[in-house]
Amino acid sequence: MISEKMIPLVENNSVIRVMFEEGKRLAAIYGAENVYDFSLGNPNVPAPEEVKQSILEILEEEDPVIVHGYMSNAGYEDVREVIAQDLNQRFGTAFGDRNILMTVGAASGLNVILKTILNPGDEVVVFAPYFVEYGNYVTNYDGRLVVISPNTVDFQPNLQELEEKLTQNTKAVIINTPNNPSGVIYSEETLKHLSRILEEKSKAWGNPIVLISDEPYRELAYDGAVVPYVTKYYDNTVVCYSYSKSLSLPGERIGYLVIPDEMKDSREVFTAAAIANRVLGSVNAPSLMQRVIKRCIEKGASVNLKAYDKNRNRLYEGLKACGFSCIRPQGAFYLFVKSPEEDEKAFCDRASRHHLLLVPGSSFACPGYVRIAYCVSYEQIERAMPAFQALAEEYGIRPEK
Ligand code: PLP
């Protein structure tokens, strides 16, 4: 009954399903507190208090017909204007409501922009390691995913290989910074270099390549690290933002696209994207949440970064002390650890015998590594340290002197 396009999706789904089932099985035997699930990117830090306050205020103060009603497919103008002004203040941009399109989270934003720009056969370039859903989103519109191999020295994108793999059929390049799964922030130097390459190729071939900057982790940057605003470097940039992580609202499905004036055919792209939002079936982003976002920005709400930072430091230092090798993440809430054996899936299997649930890097097109999500309680990290230590001893690894 199901379509041919769905068959591989159903088969791949089983990998995640197996991990989920394994977690449940271990919890039933050993107790949930003795199972250390580091597999999910679901924020454990609660949404800031301003979210609840805003919901209550909206229900008390705003017209329910408007709050629960349809609006323009692009979202409420006043909400989009507040977002635009906030971005302008923080990043020196010049956006208005005309540039902001409210979406059902980043997942939907990516689908909206890909539907807006892709013709069948168009190529979309991604840098490994990358968020695995990109492949599915590109296939949704009969695009072709082109993967650039990982640069495991510092996990900045491999721009030399990008130059080799761009073709006349390249329609878009997706970047994700701060990055899931590596935690790396792409430097200004990287973005400038990337922009130069895309400008040159776009000019040579007469068809502009769209740079899609997927930024759900923008606000999760540690030690004062700067996350450069990508529209400043390359005109044909579309930013895909989400409040799933920045306000811990993943279930509420709220985010936006930025389509700058500098983009070629900006108005046409914006109109097409609003229609894509409609015909993909989202119609518009959730109304109540749009109104909540406006108030949260006005109240200056932000995520409790300190909690993630504390987890990051504890886990990073703890894993290094065990002898594991990984780069210190600058953003997001993931650590990308080198597997002590080549087959990282076998390593994940061994880890699960210590009740540690980790995601193999091959799920991000980067075998040989595993992802540890530290958006968990600090207590879970503390409790898991002896298990990591025992795992390290099993492999005979020790900290570097
Ligand atoms: N992009 C990346 C890199 C992600 O890690 C995620 C979610 O984990 C998404 C997009 C989707 O986020 P959203 O909940 O906003 O759809």
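Select helix α9, residues 266-279 (helices are DSSP runs of H or I with at least four residues, strands runs of E with at least two, numbered from the N terminus). Its 14 residues should span 20 Å at 1.5 Å a residue, and the end C-alpha atoms are 20 Å apart, which agrees. The expected span is 1.5 Å times one less than the number of residues. This is a predicted model: local features need pLDDT of at least 70, side-chain atom pairs count only at pLDDT 80 or more, and totals for chains, interfaces and linings use all residues. Numbering runs from 1 along each chain as its sequence is written, and side-chain values use heavy atoms, without hydrogens and water.

Now colour the buried residues of α9: Ser266, Val269, Phe270, Ala273, Ala274, Ala276 and Asn277. Buried means under 20% relative accessible area, with exposed over 50% and partly exposed in between (1.4 Å probe, protein chains only). They cover an arc of only 155 degrees around the axis (taken from the directions from the helix axis to the C-beta atoms), which puts them on the same side of α9. Show α4 (77-91), β2 (100-103) and α5 (105-117), which are among the elements covering them (contact is heavy atoms within 4.5 Å). Just past α9, stop at Gly281, with a positive phi of about 100 degrees.

Next, select α13, residues 378-395. Its 18 residues reach 26 Å from first C-alpha to last, close to the 26 Å expected. Centre on Ala384: α13 bends there by about 35 degrees (the angle between axes fitted to the seven residues ending there and the seven starting there). Pro386 follows within four residues. Buried residues of α13 include Ala384, Met385, Phe388 and Tyr395. Their cover includes α11 (305-322) and β12 (369-373). Finish at Gly396, just after α13, where phi is positive at about 70 degrees.
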